[in-house]
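Hi,

Here is the structure I said I'd pass on to you. Have a look at it first, and then read my notes underneath.

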Amino acid sequence: MSTNVAPAPGSSTIELALKIWRYDAETGEKELRRYEVEAPDWVTLLDVLDMIKDQQDGTLAYRKSCRMMICGSCGMRMDGAAVLACKTRMYDIAKAGHEPVISPMGNLPVLKDLVVDMNPFWGKIRSVKPWLEPGYDEIAEKERIVSQQQMNVIHKEALCIMCGCCVSECNSMESDPEFLGPAALAKGMRFVGDARDQADVERLNRYNEEHGIWDCTRCYFCNERCPKGVDPRDAIAKLGAESIRLGIDRDMGAKHAKWFVRSAETTGWLREEELIPKTQGYVAAIKQLKFGASLARHGKVRPIPFPHTARDVDEARTLRKVVQEQDRPGALGIVQGERALERLSHGHANESLDEIYERPGAAPRPWLPEVEEEAKA
Ligand code: SF4
Ligand code: SF4
Ligand code: FES
C-alpha cells in the first residue's frame with residue numbers, strides 16, 4: 001500500500017514522535033508503542049498513521065475512508081480526548097516537541113489497536129428510527145417545499161457524520177451503557193424538528209423512557225468534542241423543550257425543569273429544597289430527609305422559616321413574559337438563543353454585549369469576578 005504522503009517539491013518537513021496504544025483482543029495483550037516519523041509539515045494525524053503503517057508497521061489497525069471529515073470513520077483519542085484523525089494537523093504539536101498518546105475511542109469495545117466495535121453505536125442510532133415518517137402515502141405531484149426558517153431548527157443536527165466522538169466522551173454512557181447517548185439523540189432531534197415528520201409524539205415518548213434524554217448529566221463534553229459543530233447536548237435540550245411543549249412530562253427530569261422555571265419566575269431563586277416535594281410528592285420527600293440534610297450541609301437550602309424573594313425578581317418575570325410574547329415555544333426558543341449567541345460571538349450583531357448593557361433602562365450587568373478584576377486593573 002502506498003500512502004502518497006510525500007513532501008511536495010520545495011515544501012518543508014517536520015520530525016515528530018507519537019505513542020500508540022496497541023491492543024490485540026484475541027490475546028488481550030496491550031502495549032504503548034513509540035514511533036518516530038519525518039513528514040511534510042502539512043500532515044494530519046491520519047497521514048502520520050498511514051506513514052507508520054506503510055513504512056514501519058503494517059499490523060497497525062485503524063479506520064479511515066474519505067480523509068476529508070465527511071465519512072466519520074477515523075474517530076480516535078489523542079491525549080485522552082476524541083478527535084477526527086483526518087482533521088487533526090500535527091504541525092504545532094511537532095513544533096512544540098509534544099509526543100501525543102493515541103488511543104481508541106471510549107465507551108465502545110476495542111477490537112484491535114484503534115478500531116472499536118461500532119455495533120452498540122449503530123444499534124442506538126437504529127433505535128431512534130433515523131428516517132422520515134412523513135405521514136402521507138400519496139406521491140406529491142411537485143416538490144414539497146420546506147422553508148429555510150423551518151430547516152434552521154435542525155441545521156446543526158443535520159451536520160452529523162456519525163463519527164462517535166461525542167459518544168466516546170459521554171459521562172452518562174460511562175456509568176450507564178444503555179443510555180441512548182448524544183449521537184442517537186441528536187439524530188432523533190434531526191427528525192423531531194423536521195417540519196415534514198409526523199411521528200414527533202411517538203418519537204418523544206420513546207426518548208423520554210428510561211436511558212433517554214433526562215439521563216444526560218449535562219456535562220457538555222459532547223458539544224466540546226464534536227468535530228462538526230452539531231452540539232448534541234443542545235439537541236437534547238431541544239428534545240426536552242419539545243417534550244414539555246407537547247405535554248410529555250412524566251419523567252422526573254421534565255418535572256424538575258418545570259419546577260425550576262416556576263421557582264425562578266415566582267421568587268427569582270431556584271428553590272432546590274422544594275424540588276423533591278414538588279416533583280415526587282411529600283411521602284418521597286420524607287424518605288429523602290437524609291439527602292436534604294446533605295443539601296443543607298452544602299449550603300443549597302435557604303433558611304426555610306424566612307422565604308426569600310430575590311430583589312430583582314421582576315427581571316426574571318419580565319424575561320419570562322418576553323419569551324412568552326415572542327411565542328417561540330419548545331425547540332424554537334433554544335434555536336433563537338443559539339442564533340443570538342452566534343451573532344454575538346462572531347461580532348455580527350448590531351451592538352456588542354457592552355453596548356446592550358449601556359442601553360437606557362437596560363438591566364444591570366450581572367456581577368462576574370473576572371470583570372471586576374479587569375475593572376480594578
Ligand atoms: S452532555 Fe449529556 S449527552 Fe453530552 S456527553 Fe455529557 S452526559 Fe453525554
Ligand atoms: S454529533 Fe458530532 S461527534 Fe457525535 S457522531 Fe455526530 S458528528 Fe460525530
Ligand atoms: S477519514 Fe473520513 S472523516 Fe476522517
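First, a question to try yourself: are Lys156 and Glu338 buried or exposed? Keep in mind as you look that this is a predicted model. The answer is that both Lys156 and Glu338 are buried. They also form a salt bridge with each other, and the closest N and O atoms are 3.2 Å apart. Lys156 belongs to the loop between helix 4 (148-152) and helix 5 (165-168), while Glu338 is in helix 16 (residues 331-345), so this pair ties together parts that are 182 residues apart in sequence.

**More salt bridges**

The count for the model comes to 28 salt bridges. Here are a few to find on your screen.

Glu242 pairs with Arg245, with 2.9 Å between the closest N and O atoms. These two are three residues apart in helix 10 (residues 232-245), which means that about one helical turn separates them. Glu242 counts as buried because its relative accessibility is 9%. Arg245, on the other hand, is partly exposed, at 41% relative accessible area.

Asp249 and Lys258 make another salt bridge through their side chains, at 2.6 Å from N to O. Asp249 is partly exposed, with a relative accessible area of 21%. Buried means under 20%, so at 21% Asp249 does not count as buried. Lys258 is partly exposed too, with a value of 39%.

There is also a network of salt bridges to trace, which links Arg22, Glu31, Arg33, Asp57, Lys112 and Asp113.

**The two ligands**

Next, go to ligand 2, which sits in the largest cavity. The residues surrounding ligand 2 include Cys160, Met162, Cys163, Cys165, Cys166 and Cys226, along with Pro227 and Pro232. Sorted by class, its shell has 11 nonpolar residues, one polar residue and no charged ones. Two of the cysteines are worth a click: Cys160 is partly exposed, with a relative accessible area of 22%, whereas Cys166 counts as buried at 9%.

Ligand 1 takes up the second largest cavity. Among the residues around ligand 1 are Cys170, Cys216, Cys219 and Cys222, as well as Phe179, Tyr220, Arg218 and Arg233. The shell of ligand 1 divides into eight nonpolar, two polar and two charged residues.

With those cysteines in view, how many disulfides does the model have? A disulfide is a covalent bond between the sulfur atoms of two cysteines. By the rule used here, the count is zero.

**Two backbone angles**

Last, some backbone angles. Most residues other than glycine have a negative phi. Met162 and Arg218 are two to check against that.

Met162, one of the residues around ligand 2, has a positive phi near 60°. Met162 is in the loop between helix 4 and helix 5, and at 13% relative accessibility it counts as buried.

Arg218, one of the residues around ligand 1, also has a positive phi, near 60°. You'll find Arg218 in the loop between helix 8 (200-207) and helix 9 (221-225). Arg218 is partly exposed, with a relative accessible area of 41%.

That's it from me. Have fun clicking around!

Cheers

Notes:
Residues numbered from 1 in each chain as written. Chains lettered and ligands numbered in written order. Predicted model: local features only at pLDDT ≥ 70, side-chain atom pairs only at ≥ 80, totals over all residues. Heavy atoms only, no water. Near = heavy atom within 4 Å. 1 Å grid on protein atoms, 1.4 Å probe; cavity = no way out; pocket = protein on both sides within 12 Å on 5 of 7 lines; lining within 4 Å. Sits in = over half its atoms within 2 Å of the grid points. Nonpolar A, V, L, I, M, F, W, Y, C, P; charged D, E, K, R; others polar. Salt bridge = Lys/Arg side-chain N within 4 Å of Asp/Glu carboxyl O. Helix = DSSP H or I, 4+ residues; strand = E, 2+ residues; numbered from the N terminus. Buried < 20%, exposed > 50% of the residue type's maximum accessible area, 1.4 Å probe, protein only. Disulfide = S-S within 2.5 Å.
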